[in-house]
Amino acid sequence: MGLEMDRMQRLFVGAALPALFVGSTVLPWLLVRGDLPHPIAIHFDGAGVANGSAPLAVHLLVTSAFTVSASAVLVWAAWRSTATLGLEAAIATFIGWLISAVSTVTLFANRGHDDWRDVTLGSGAVWGATMSALGASIPVALMVRHAARDRARSRVHRMELAATERVAWFGRASSLPLAMGALLLVFVGTVVLLSFEGGVAPTGIVVLAGGLIMVSFMSLDVAVSDQGVRVRAGALHWPRVELPLVEIEAARAVDCKPLHWGYASGWGYRGSLRLLGKAAWVLRGGDALELDLTGDRRFLVTVDDADEAAAVLNGLLARAMTSPTTLGG
Amino acid sequence: MLVKVDPRSSEPLFAQIAAQVRSAIATGRVEEGDRLPPARDLAEALGVNMHTVLRAYGDLRDEGLVDMRRRRGVIVRAAGDTRARLVELARDLAAEAARQGLSKADLRRLIEEVS
């Protein structure tokens, strides 16, 4: 059980779209490269007049970084054996489409001019690219059919604890792909900031900021004790989630599948305890600690050796129930 | 990594903590290069004084099990060191016992007394 795409859909998402994105990065360049100013205009103000430029090579590098990454996500999503993910595939489609469309349009606008300052590109072109990107990502999102909630075999253990024993458990999880993604964004953002003239700086700042935020999701630390569960981002120690023992009703170890639909689908911090009652901190598929919280809330965090964490937590909860005076503190 | 202590036990808390960490290293739950939880975090989680944890960590460092680095924290060293250290200590003990004229049986009895 899970999410299935049929063969045609897999071909579309995993082969056709990536080919389109990569092709539309390379093909326009091949067609117009003899006919471009140096540097090329890459950013335009509201009236369509060029106000930002960059060397062609840098423009192609940045464009490729995004289209190749988006394509990689789509290929991976389509060719994995069991499932595909709706949100990430849709976002990858949107980004890949948008970037390749904008790049193509930009290159053609530059064609035939000697100086980048003479180049014009109406905002209609960018709007068209954005709208068509949205249009393309919707069918991709719809291709994902919702799966019934994964009643995966969850493992429940409980550690026996004497009344006076004190116990602490520490665990962690990390993700190399997310770390590399963060590095990529920081690199691309810095390149954009440093090498582009004019109005492009804000874009660079946004990308750089995105990369720095992603640094928070390279690794995480989990601590379990009679104070409850504390999750903390490894690098910057932020974000943090602190759940006191009084708010926890049960703990179990589960197998987290970010590619499956559900409150724990996708990577990063998903959902919100306050707004949606469900949240998940996912760095990778696999071992995860799932908590049932008071008020029908649920929280999941991917962590190595989740079985042990669940056992400790259930032990603490059982003990707290039999001797209420040890609760809280 | 799991750490369980019992304040009621006759063994001092710092020794219990050190023993738990040693066990985690010996069983491979914590590996070479892994970082132990910061003393403050472990102390807070167990509800003990931070210096109790620092003492435990200090003992482990003296045994050669961990390194304490300024910014990186407490890092586990190769577990192979522990066995070698044990053998070294045993050799020293055997040599000293021989110097004092203890027989092997006496030495065995002595070890039993203290362990």
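Me: What makes the count between chain A and chain B four salt bridges?

Reply: In this predicted model, a salt bridge needs a side-chain nitrogen of Lys or Arg within 4 Å of a carboxyl oxygen of Asp or Glu. Between chain A and chain B, the count of such pairs is four. One of the salt bridges in the structure joins A:R232 and B:D41, with the closest N and O atoms 3.0 Å apart. Set against the cut-off of 4 Å, that pair therefore qualifies.

Me: Which elements of chain A give two or more residues to the side that touches chain B?

Reply: They are β3 (166–174), β6 (228–233) and α7 (306–322) of chain A. The largest share, five residues, comes from β3(A). By class, this side of chain A has seven nonpolar, three polar and eight charged residues. Between the two chains there are also eleven residue pairs in polar contact, counting pairs with both residues at pLDDT 80 or more.

Me: How many residues does each chain put into the contact, and what area is buried?

Reply: Chain A gives 18 residues and chain B gives 17 residues. The area buried between them is about 1,600 Å², and carbon and sulfur atoms give 47% of that. A:T164, A:R166 and A:F170 supply 42% of the area that chain A buries against chain B, more than any other three residues.

Me: What makes β3(A) and β1 of chain B a strand pair?

Reply: Two strands pair if DSSP finds at least two bridges between them. Four bridges join β3(A) to β1(B), residues 2–5, so the requirement is met. The two strands run antiparallel, and A:A168 stands opposite B:V3 in β1(B).

Me: How do you know that β9 and β10 of chain A pair, and what do they form?

Reply: The same test applies, with at least two bridges required. Strand β9(A), residues 268–272, and β10(A) have five bridges, so they count as paired, in the antiparallel sense. A:G271 stands opposite A:A279 in β10(A). The two strands form a hairpin with five residues between them, and A:G277 in the turn has a positive phi of about 75°.

Me: Why is the pair of A:F217 and A:W281 called edge-to-face?

Reply: Rings pair if their centres lie within 6.5 Å, and planes over 60 degrees apart count as edge-to-face. The centres of these two rings are 6.2 Å apart and the planes stand at 65°, so the pair is edge-to-face. The structure holds two aromatic pairs over all chains.

Me: Why does the pair of A:F217 and A:W281 tie together parts that are apart in sequence?

Reply: A:F217 lies in the loop between α6 (201–215) and β5 (219–225) of chain A, and A:W281 lies in strand β10 (residues 278–282), so the parts tied together are 64 residues apart in sequence.

Me: What makes A:E290 and A:R252 a salt bridge?

Reply: Their N to O distance is 2.8 Å, and the limit is 4 Å, so the pair counts. A:E290 is in strand β11 (residues 286–293) and A:R252 in strand β8 (residues 248–256) of chain A, 38 residues apart. Over all chains, the structure holds 19 salt bridges.

Me: Which peptide bonds leading into A:P39 and A:P239 are cis, and where do these prolines lie?

Reply: The bond from A:H38 to A:P39 is cis, with omega near -5°. A:P39 lies in the loop between α1 (7–32) and β1 (40–44) of chain A. The bond from A:W238 to A:P239 is cis as well, with omega near 5°, and A:P239 lies in the loop between β6 and β7 (240–243) of chain A.

Me: What makes A:D296 worth a note?

Reply: A:D296 has a positive phi of about 60° although it is not a glycine. Most residues other than glycine have a negative phi. A:D296 lies in the loop between β11 and β12 (297–302) of chain A.

Definitions and conventions: Residues are numbered from 1 along each chain as its sequence is written. Chains are lettered from A and ligands numbered from 1 in the order in which they are written. This is a predicted model: local features need pLDDT of at least 70, side-chain atom pairs count only at pLDDT 80 or more; totals for chains, interfaces and linings use all residues. Side-chain values use heavy atoms; hydrogens and water are left out. Contact means heavy atoms within 4.5 Å. Buried area is the accessible area (1.4 Å probe) that two parts lose on being put together, summed over both. A polar contact is a pair of N or O atoms within 3.5 Å; within protein, one must be able to donate a hydrogen and the other to accept it, and residues adjacent in sequence count only if both atoms are side-chain atoms. Ala, Val, Leu, Ile, Met, Phe, Trp, Tyr, Cys and Pro count as nonpolar, Asp, Glu, Lys and Arg as charged, and the others, Gly among them, as polar. Rings of Phe, Tyr and Trp (its six-membered ring) pair if their centres lie within 6.5 Å; planes under 30 degrees apart count as stacked, over 60 as edge-to-face and the rest as tilted.
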